[in-house]
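This briefing goes through one protein chain by topic. Please keep the sequence and the structure in view while reading.

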Amino acid sequence: MLNISSHRVAWLGVALFGASALMVAEVPTNLTTAKRAVLRYVDSGEYSKDLATTADQASEWIAARVARPVDGEKLALVLDIDETVLTNLPHMREMDFGYLPKMWDEWVEEGDAPAIQSIHKVYQTALHHQVTVFFITGRKETDRPGTVKNLAVMDLGDYEQLICKPNGYKGTSGAYKTAARKRLEAEGWTIIANVGDQHSDLEGGHSEKIFKLVNPFYLID
């Protein structure tokens, strides 16, 4: 009887240990720990290096594509704005990576977001090769004045169109951006490259090449 009881106690202990291990395995990363990891990635310089790697690939592609022109083509580069050509990291640090719509709108209105230099070089490469630049952003139409100001201050003011999301738009960012590129193609533009930090910036086609930048901060559908 003692042996049977011992086996039962041992089995119960294993079962409880297994249940405890299962519960621990399902707990997500602590939010404070996750934010510290993001800041280490940024402050170490690895974030900038990863952006630069993708930016160099985009610039090389633009130069190579321009070198084999097709008669009558109007070549275009599509760029996202937030965490693509402009970084909102100062605002995100101030907010401890939180989001309050009113404070975000104020930040955009100020027009102080710094340029991401490696992507600025992609922009300059496009202009150097007479490739027309379009910005397609998830920023609202009411964000246009601050965005125009910010782009101009950061030497990003030479573009064909700044396409902002209509106020009150209820669809996904991916659907809106795909429709915008489709419209540009219908107007006769050949989009040779599309650069963004979200999959929703890039999904849906209507670009010869896509270039996905790292974004450890947030996800947008």
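**Charge pairs, a helix face and unusual backbone angles**

Asp 43 is exposed, with a relative accessible area of 55%. The model is a predicted one. Asp 43 takes part in a salt bridge with Arg 93, at 2.5 Å from N to O. Arg 93 sits in helix α4 (residues 89-94) and Asp 43 in helix α2 (residues 31-43), so this pair ties together parts that are 50 residues apart in sequence.

**Overall make-up**

- The chain contains 9 helices and 5 strands.
- Starting at the N terminus, the order of elements is α-α-α-β-α-α-α-β-α-β-α-β-α-β.
- The chain has 221 residues, of which 40% count as buried.

**Salt bridges**

- The whole structure holds 13 salt bridges, including the one between Arg 93 and Asp 43.
- In that pair, Asp 43 is exposed, whereas Arg 93 is partly exposed at a relative accessible area of 39%.
- Another salt bridge links Arg 183 and Glu 187, whose closest N and O atoms are 2.8 Å apart.
- Both ends of this bridge are partly exposed: Arg 183 has a relative accessible area of 34%, and Glu 187 has 38%.
- Salt bridges with shared partners join Arg 65, Glu 73 and Glu 208 into one network.
- Within this network, the closest N and O atoms of Arg 65 and Glu 73 are 2.7 Å apart.
- Is Arg 65 buried or exposed? Arg 65 is buried, because its relative accessible area of 3% falls under the 20% limit.
- Its partner Glu 73 counts as partly exposed, at 26% relative accessibility.

**Negative surface patch**

- Glu 94, Glu 109, Glu 110 and Asp 112 form a negative patch on the surface.
- Asp 112 belongs to the loop between α5 (101-110) and α6 (117-128).
- With 46% relative accessibility, Asp 112 is classed as partly exposed.
- Glu 109, another member of the patch, is exposed on α5.

**Two sides of helix α5**

- Which residues of α5 are buried? They are Trp 104, Trp 107 and Val 108.
- Viewed down the axis of α5, these buried residues fall within an arc of 95°, so they line one face of the helix.
- Lys 102 and Glu 109 are exposed on the other side of α5.

**Positive phi angles**

- Most residues other than glycine have a negative phi.
- Gln 130 is not a glycine, yet has a positive phi of about 60°.
- Where does Gln 130 lie? Gln 130 is in the loop between α6 and β2 (132-140).
- Gln 130 is exposed, and its relative accessible area is 66%.
- Asp 155, also a residue other than glycine, has a positive phi near 60°.
- Asp 155 is placed in the loop between α7 (144-153) and β3 (161-165).

Notes. Residues are numbered from 1 along each chain as its sequence is written. This is a predicted model: local features need pLDDT of at least 70, side-chain atom pairs count only at pLDDT 80 or more; totals for chains, interfaces and linings use all residues. Side-chain values use heavy atoms; hydrogens and water are left out. A salt bridge is a side-chain nitrogen of Lys or Arg within 4 Å of a carboxyl oxygen of Asp or Glu. Helices (H or I, at least four residues) and strands (E, at least two) are DSSP runs, numbered from the N terminus. Buried means under 20% relative accessible area, exposed over 50%, partly exposed in between (1.4 Å probe, protein chains only). Patches are made of residues with over 30% relative accessible area and no salt bridge: like charges are joined within 9 Å, nonpolar side chains (Val, Leu, Ile, Met, Phe, Trp, Tyr) within 5 Å. Accessible areas come from the Shrake-Rupley method with a 1.4 Å probe; for residues, only the protein chains shown count as cover. Lys and Arg count as positive and Asp and Glu as negative; His and the chain ends are not counted. The place of a charge is taken as NZ of Lys, CZ of Arg, CG of Asp or CD of Glu. The arc is that of the directions from the helix axis to the C-beta atoms.
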